[in-house]
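Me: I am new to this structure. Please show it, and then explain the terms used for it.

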Amino acid sequence: ALMVWMFYKDHFDITENKVSKLGVFCTVPEIRNPFRNFLSEVIGTFVLMLVVFYITKGEAQMLNEKVTIPIGLGSVGAIPVAFTVWVIGLSLGGTTGYAINPARDLAPRFMHSVLPIKDKGDSQWSYSWVPLIGPLLGSTLAAMLYLILLTYCKKVIILQISKKFMPKGMLRRLKLYLSEKSTMHLNANL
């Protein structure tokens with residue numbers, strides 16, 4: 001944020017719109033409605049994090065827990081994540097500016113408040129909770145859903161992969177093993 005200010009100082013000096021100056025540093029809602037702005041940040045971050053979780057860290061476990069098959073895209077995963085950020089910006093960017101990351105808003109907002117920008121106006125700290133708490137809640141919900149789906153859908157993934165590669169007799173034993181294992185897991189948790 002400091003380098004942006006230094007580079008564009010002449011532009012900031014001649015710009016009269018105070019909200020435009022603030023918008024360079026942090027997100028500013030087009031229409032201030034705290035509930036809808038907050039919901040926009042939660043949804044945007046939820047979608048982004050769920051995509052990131054599934055692209056970067058996917059795996060399926062086979063018969064024993066030591067053998068896993070990676071499903072993620074590796075470094076190619078940056079392309080779908082970039083498209084996801086783009087889609088979030090196109091769909092939700094008009095309401096809040098889509099911070100979808102607390103660091104994207106908090107530190108630049110602080111810099112806006114301390115830098116000597118000519119006629120800069122208020123840093124709108126009363127709104128700063130939206131791009132801070134919204135993404136934290138959205139990423140938490142995405143992580144919870146990812147873990148739930150990973151835990152409860154693991155058997156489905158194993159069976160789908162196994163159907164392609166295992167003879168029917170082994171597949172029946174695998175289904176029996178999984179049903180016993182889930183029963184043991186359920187009993188251990190009770």
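What follows is a set of questions and replies on burial, contacts, helices and a surface patch.

Reply: This is a predicted model, in which local features need pLDDT of at least 70, side-chain atom pairs count only at pLDDT 80 or more, and totals for chains, interfaces and linings use all residues. Residues are numbered from 1 along each chain as its sequence is written, and side-chain values use heavy atoms, with hydrogens and water left out.

Me: Why is Thr96 called buried?

Reply: Buried means under 20% relative accessible area (exposed is over 50%, partly exposed in between; 1.4 Å probe, protein chains only). Thr96 has a relative accessible area of 0%, so Thr96 is buried.

Me: What makes the link between the side chains of Thr96 and Glu41 a polar contact?

Reply: A polar contact is a pair of N or O atoms within 3.5 Å; within protein, one must be able to donate a hydrogen and the other to accept it, and residues adjacent in sequence count only if both atoms are side-chain atoms. The Thr96 and Glu41 side chains are joined at 2.7 Å. A polar atom of the Thr96 side chain also lies 3.1 Å from the backbone nitrogen of Tyr98.

Me: How do you know that the span of helix H6 agrees with what is expected?

Reply: Helices (H or I, at least four residues) are DSSP runs, numbered from the N terminus. The expected span is 1.5 Å times one less than the number of residues. Helix H6 (residues 102-114) has 13 residues and should therefore span 18 Å; its end C-alpha atoms are 19 Å apart, which agrees.

Me: Which residues of H6 are buried?

Reply: Pro102, Asp105, Pro108, Arg109 and His112 are buried in H6.

How values were computed. Helices (H or I, at least four residues) and strands (E, at least two) are DSSP runs, numbered from the N terminus.
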